[in-house]
Amino acid sequence: MAFLTDRKRATGWGSAKKGTEHFWSMKVTSVALLVLIPLFMFNFGSILGADYDTVLAHYSRPYPAILAALTLIVGFKHFNLGFQVLIEDYVHGAWEKILIIGMTCLSYGAAAVGVFALAKLAL
Amino acid sequence: MADVNRGNRPLSPFMLGKYYRFQLNSVTSILTRITGNAMLVAALMIVWWLLAAATSAEYFALADYVLTSYLGDLVLFLSLWGMWYHLLAGVRHLIWDAAIGLDVPTATKLGYAVVGGSLFFTLFTVAII
């Protein structure tokens with residue numbers, strides 16, 4: 001039997017020092033993408049439309065390959081965090097969980113496919 | 001006693017358009033979300049194009065044909081615009097997170113800057129690539 005009041009049990013515990021990870025991850029990835037996205041857009045835009053051999057040569061160089069891989073990894077992480085909030089705002093119940101889990105699989109899956117393709121092109 | 005009304009609380013309705021007229025702030029806000037989530041299409045197209053390039057010349061020819069077709073061009077152009085819009089709107093959020101520019105006149109100016117800037121940077125990008 002606890003004789004503590006609810007107030008007494010809560011006082012001093014603050015916010016449990018958790019709960020802002022989602023917000024903070026969003027901020028960190030957004031600042032990273034602020035640099036990555038313009039660089040990637042110009043880099044990808046300059047190679048799209050080139051022939052097969054030129055594309056292979058392009059992505060066997062370190063800068064385009066590393067830039068594209070970083071953009072996909074950070075971009076899909078940021079996308080997944082944002083999509084989660086979209087679903088949490090508008091969808092409730094079982095579909096909320098199904099959509100968040102499904103899109104998380106797709107986000108990490110697409111990033112992994114992209115990085116695999118880039119590694120194969122680069123090496 | 002904690003929360004005796006569990007499960008029976010009023011929900012906040014979706015206000016935009018239905019109960020509340022469209023304004024620059026609300027429209028630029030929802031467009032941030034729409035453009036951000038719409039980036040999935042272009043991202044998947046680019047991943048597919050990279051995978052095709054890593055697979056074979058024939059598969060690359062197919063993916064490259066789709067991405068550089070009239071429809072592919074249109075989707076990528078709109079994505080470019082959406083990307084610049086989302087990026088600039090994100091900068092606006094980073095500014096707001098620093099508790100700067102939250103008054104209505106400044107927020108309105110930032111809203112116009114985001115819309116105008118996205119058009120400018122999109123045309124700039126198209127011009128140089």
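**Helix packing within and between chains A and B**

The buried residues of H5(A) pack against H3 and H4 of chain A together with H1 of chain B; in this predicted model, the residues concerned are Ser107(A), Ala110(A), Ala111(A), Gly114(A), Ala117(A), Leu118(A) and Leu121(A). The helix itself, with 29 residues, should span 42 Å at 1.5 Å a residue, and this agrees with the 42 Å that separates its end C-alpha atoms.

Across the boundary between the chains, H5 (residues 94–122) of chain A packs on H1(B) at an angle of about 35 degrees, the two axes lying 8 Å apart, and the crossing of H5(A) and H1(B) is left-handed. On the H5(A) side the contact is made by Ala110(A), Val113(A), Gly114(A), Ala117(A), Leu118(A), Lys120(A) and Leu121(A), which are met on H1(B) by Ala43(B), Leu44(B), Val47(B), Leu50(B), Leu51(B), Ala53(B) and Ala54(B).

Taken over the two chains, 29 residues of chain A are in contact with 27 residues of chain B. The elements of chain A that give two or more residues to the side touching chain B are helix H2 (21–47), H3, helix H4 (62–90) and H5, and the largest share of that side, nine residues, comes from H2(A).

A residue of helix H3 of chain A, Val55(A), illustrates the local environment. Val55(A) is buried, with 22 other C-beta atoms within 10 Å, and, when residues up to four places away in sequence are not counted, Val55(A) touches Ile47(A), Ala50(A) and Ala53(B). Ala53(B) is also listed among the residues of H1(B) that make the contact with H5(A). Between Val55(A) and Phe44(A), which are 11 residues apart in sequence, the C-alpha to C-alpha distance is 10.0 Å.

Chain B contains four helices and zero strands, its elements running α-α-α-α from the N terminus on. The radius of gyration of chain B is 20 Å, well over the 14 Å that the globule rule gives for 129 residues, so the chain is more spread out than a compact globule. Its C-alpha trace spans about 65 × 40 × 30 Å along the principal axes, and buried residues make up 26% of the 129 residues. Of the contacts in chain B between residues at least 6 apart in sequence, 64% join residues at least 24 apart.

Within chain B, helix H2 (residues 57–68) has 12 residues and reaches 16 Å from its first C-alpha to its last, close to the 16 Å expected at 1.5 Å a residue. In H2(B) the buried residues are Phe60(B), Asp64(B) and Leu67(B), and, seen down the helix axis, they fall within an arc of 60 degrees, so they line one face of the helix. An α-helix has 3.6 residues a turn, so residues three or four places apart point the same way. The face of H2(B) turned away from the buried side carries the exposed residues Glu58(B) and Tyr65(B), whereas what covers the buried residues includes helix H3 (52–59) of chain A, together with helix H1 (24–55) and helix H3 (70–97) of chain B.

A backbone feature of chain B is found at Ala99(B), in the loop between H3 and helix H4 (104–128). Most residues other than glycine have a negative phi; Ala99(B), although not a glycine, has a positive phi of about 60 degrees. With 7 C-beta neighbours inside 10 Å, Ala99(B) counts as exposed.

Definitions and conventions:
Residues numbered from 1 in each chain as written. Chains lettered and ligands numbered in written order. Predicted model: local features only at pLDDT ≥ 70, side-chain atom pairs only at ≥ 80, totals over all residues. Rg over C-alpha atoms; globule rule 2.2 N^0.38 Å. Buried ≥ 20, exposed ≤ 12 C-beta atoms within 10 Å, placed from the backbone. Contact = placed C-beta atoms within 7 Å. Expected span 1.5 Å × (residues − 1). Arc of directions from axis to C-beta. Axes fitted to C-alpha atoms, helices over the stretch in contact; angles between N-to-C directions. Left-handed = near helix turned anticlockwise from the far one by under 90°.
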